[in-house]
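Trainee: I'm new to this one and would like a close look at a single part of it. Could you take me through it slowly?

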Amino acid sequence: MLLTEREARKITEKLLGHVKADDAAVSVFSENYSNQRFAANHFTTCGARENATVSVAVWIDRKRGSASTNEIDDESLKAVVAQAEELARISPVDREYMPTLPQQNYKPVKAYSEATSTISLGARARAINDVIAACEKAKVVGAGFHQARGNAFASATKNGNFNYDRSSLVSLSTTARTPDGSSSGYFLRNHFDVGRLDVRRVANEAIRKALESRNARKLEPGIYPAILEPQAVADLLGGFAFGFDARSADEGRSPFSAPGGKTKVGEKIFDERINVYSDPWNADLPGSKATQSGLPAEKIHLVRNGVLENLVYSRFWAKQKGKEPTPGPVNNIMESSAPPTSIEEMIRATDRGLLLGRFWYIRGVDPRVALQTGLTRDGIWYIENGKIQYPVQNFRFNQSIIQLLAPGNVEMIGRSERVGSSEGQGGNSALLPALKVKEFHFTSQSEAV
Amino acid sequence: MTTSRRTFLKSAGIAAGAVALPSALPSWIRDIEAAEAAAAAGVDKNALADIAISIAKRLGVSYADIRINRYRNEAISTREQQVQNVSRSQSFGFGVRVLFKGTWGFASSRRVTPEDVRRVTAQAVEIARVNSVYQRKRIAMAPASKVTASWKSVFERDPFDVSIDDKIQFLLGLNQTAMKTEGVSFVNSSLSFVNEQKFLASTDGSRIEQYIIRTNPGLNVIAVNRSTGDFQSRSALAGPQGMGYEYMEKHDWNREAEQAGSDATQKLKAKPVTPGKYDLILDPSHLWLTIHESVGHPTELDRALWWEADFAGTSFLTPDKTGKLKFGSDIVSFVADRTQPRALATVGYDDEGVPAQSWHLVKKGIFVDWQTTRDLTAASPRKKSYGCCHADSWGSVSFPRMPNVSLEPAPANTTMEDLVKDVENGILIYGDGSFSIDQQRYNFQFGGQTFWEIKNGKVGAMLRDVAYQSRTTDFWNSCDGLGGKSTYELGGSFNDGKGEPTQSNAVSHGCPVARFRGVNVLNTSARR
């Protein structure tokens, strides 16, 4: 059971009531979580978990200590505060201490669905049975993951702030493989409302991709024009809006650092149609109403028309630099300021290139230019003269994100849709478009399917 | 059988005399005493287990287990001469796993009371029952012997008994040492400690208690050239261990910090590598990660059966290749081992009551066996569970996870110098860096921390922007030299992810220094 606002407030009041420290921030997080996996066309493992965790951070003479526990009886609440205070007393001064916030005014968001949080076991079993049945009918072997969660989070400070928020998430991914293991397709979607999760689409797209990936041919690695479906963009840029940290840029260790101790704020470093922003009230991708530091979230642009408009200042770093702390980001939205292009139009406009559905095992290689390596997976097709010609075997890539989105490399941008990165298992949601780019760097071949 | 505190202390090797001195007691004993006090108020693990097992049996399961676990974590992080965070957390709860008509059910809760055990056990069975209506292929569990045991990992000094102040001074001292090198701009360091207090009971009649300690130090040094906008980092070469605080006292961490500072600044001026084929000499501080990704994961049998197809992927290894595939050169043998002292995946028993074991995965270059659990036994060539079942929390379902997987050293006492002297054009690599591998574990790319040119048998200048790409069996078949026991070290990962939802597993990989011929090396600098 999720904690109600009243229950959560009572717990934060009890915690603050035990605090003897100069300042304190406390929180309580409760969750209902359940999941079901399937593989080789049968039900495999599953799980249900109910949990609640309280966290306490205190400052004594500017010295900080923190502790957390999932035991929330009165004695445990008292003990966790005492433990945080014990740690604070023996810690050195926290030079980055900022007094906790007084009461803030938060504008509500709608990011919670009771139906998602309390998902019906029977309905989920039937939905997965439908996915497996579709795989059997298409003579492919299905595997996948369905998860649903409801969260309630409350935070309070010694200086008088209180905030309570609920959110939910449901996601379904499906991988379909031909029985001989020579071809594979994948599709993933998520939403906060289980009623908006299109189970049939997830199954059908995974199966279609598997069937259309049969008899893949080998292509030489190299630089190719490429169309990235929204899933592939999510795999590369799933947390993009959260990577605009001002401090690391100011300290010279970010792709947004410039020579001479400066940053690239104000420079047009991306294609002029690209906008990256955070909007807590977006109907498809609601964010939380408070930032991580507790400030009320606002709509903020990080990139506007290709220009790096804002870097993100924490409360501490803003004070150091004489700036205002940034009220976000709380979600990740990339949109084109030009009319969107469909993937079909992108294919028609391609003389020679590759269509990419998913990336996998993406890891940073060179943080100076956000160079990433990884592989294509579960569907990649060769395009020539405006038509898909045939599927091809997978590649490893080494690609700078900065160069990917740079002026001159982005040719077309699609309509943004809600996706989650596949390595994040659908958890880190974003609104992202398909992209057609002039150059994508593939460095070797992979025979993996 | 009930495991009393007395029998647990006895089996854990604690002297009775220590019990008479409460202030000298290690914290884990105090926790047990606290737990016993709690048991008096209603939390009696054996009594709760009896409830879960009897309800599950009554509801018709073919197998059930209950894990009642407490996890304690401590984390300290610093940068330069300031402490960024000191925190302690703990999590307590239970999870019930049942097999009903060949279908799994699992439910868990933080509320550890008889009433909640009844409710959650029934919930686990209900999940399995609802799903069993649509089940196509029944999952089968191999039988296991009843076990009654207590087990404690090998450590000398419980890190939870060491003062926070000592730990902070240790980290700030490291930072100071690293910052002494001119040109070092930033240093981050951290310590994290994990204590797992695990209880397992099952329908086999088993009752098992385990107490596990793990230690994870971290150090990262950054050198920035503000005029050019360039920056380079260098992380510690020593990784996490299944040890106590003695790891911080016995390893030469000051030397680590000095070398990291020196290397970070030197990397700014190092020569960019020219792409091409090179012979590689790989230090154990680097090679452990290549073993983890290219040997550890493809020998997981659940992957080969496509159980992980949706996320982690499948494997280029298949059951029909067992005993046949030439995985590596004749000098290459890999051992899976959950008994190795100081290793992160070492336990007494796995999370379904199977004793820890040691076995070959690759012997003299031939792929010979798999990592297995009780629900994989039927599909495994040797029809045996090697005890690889693990859950990262009371709230997570247990499933197949990697044991420690290590490369055996050469019988002779071969040194790194012996291997280097036969290299005309090569690169010596220390430390783990960027890593990526495909979903069937064929194609991989690894970076590192420092790279050194080898010309005509001698190690020369530092190189930068190095990564190598290869194919698993090509790579291991190109191995023509291994160091002896004196070069063997344990590396490892504190948080290896697998499964949906992702669960964390701590795992070690031991290896000697090794030589590989003709490997493809890239220059990773996108500025060229």
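In which hand of crossing does α4(A) pass α5(B)?

Mentor: Right-handed: that's how α4(A) crosses α5(B). Keep in mind as we go that this is a predicted model.

Let's start with the helix itself. Helix α4 of chain A covers residues 121-137, 17 residues in total. At 1.5 Å a residue it should span 24 Å, and because its end C-alpha atoms are indeed 24 Å apart, the expected and modelled lengths agree. Just after α4(A) you'll find K139(A), which takes a positive phi of about 60°.

Now for what α4(A) tucks away. Its buried residues are R124(A), A125(A), A127(A), I128(A), V131(A), I132(A), A134(A) and C135(A). Within chain A, these buried residues pack against strands β1 (23-39), β2, β4 (141-157) and β5 (162-177), and against helix α5 (199-212). They also pack against a piece of the other chain, α5 (114-132) of chain B.

That brings us back to the crossing you asked about. Two packed helices are described by the angle between their axes and the distance between the axes. For α4(A) and α5(B), the angle is about 35° and the axes are 9 Å apart. From α4(A), the residues that meet the partner helix are L121(A), G122(A) and A125(A). On the α5(B) side, they meet E126(B), I127(B), V130(B) and N131(B). By class, that contact has four nonpolar, two polar and one charged residues. Notice that A125(A) turns up twice: it is buried, and it also takes part in the contact with α5(B).

Step back to see how the two chains meet. Here 77 residues of chain A are in contact with 72 residues of chain B. Strand β2 of chain A, residues 42-60, gives the most to chain A's side, with eleven residues. Sorted by class, that side has 26 nonpolar, 35 polar and 16 charged residues. β2(A) is also among the elements that the buried residues of α4(A) pack against.

Strands link the chains too. Strand β3 of chain A (residues 63-69) and strand β2 of chain B (residues 82-100) run parallel, joined by four bridges. If you want a spot to click on, try S66(A), which stands opposite S87(B) in β2(B).

For another helix pair to set beside ours, look inside chain B at α6 (residues 164-179) and α8 (residues 253-269). Their axes come within 7 Å and cross at roughly 35°, and this crossing is right-handed. From α6(B), the contact is made by L174(B), T177(B), A178(B) and M179(B). The α8(B) residues in that contact are W253(B), N254(B), A257(B), E258(B), A260(B) and G261(B). By class, six residues in this contact are nonpolar, three polar and one charged.

One last stop, in the loop between α5 and β4 (148-152) of chain B, is V147(B). It counts as partly exposed because it has 18 C-beta neighbours inside 10 Å, and being buried takes 20 or more. Its C-alpha atom is separated by 4.5 Å from that of S206(B), although the two residues are 59 residues apart along the chain. Leaving aside neighbours within four places in sequence, V147(B) is in contact with S206(B), I208(B), Y349(B) and G353(B).

Notes
Residues are numbered from 1 along each chain as its sequence is written. Chains are lettered from A and ligands numbered from 1 in the order in which they are written. This is a predicted model: local features need pLDDT of at least 70, side-chain atom pairs count only at pLDDT 80 or more; totals for chains, interfaces and linings use all residues. Two residues are in contact if their C-beta atoms, placed from the backbone, lie within 7 Å. Helices (H or I, at least four residues) and strands (E, at least two) are DSSP runs, numbered from the N terminus. Ala, Val, Leu, Ile, Met, Phe, Trp, Tyr, Cys and Pro count as nonpolar, Asp, Glu, Lys and Arg as charged, and the others, Gly among them, as polar. Two strands pair if DSSP finds at least two bridges between them. The expected span of a helix is 1.5 Å times one less than its number of residues. A residue is buried if 20 or more other C-beta atoms lie within 10 Å of its own, exposed if 12 or fewer, and partly exposed in between; C-beta atoms are placed from the backbone. Axes are lines fitted to C-alpha atoms, for helices over the stretch in contact, and angles run from 0 to 180 degrees between N-to-C directions. A crossing is left-handed if the near helix is turned anticlockwise from the far one by less than a right angle, and right-handed if clockwise.
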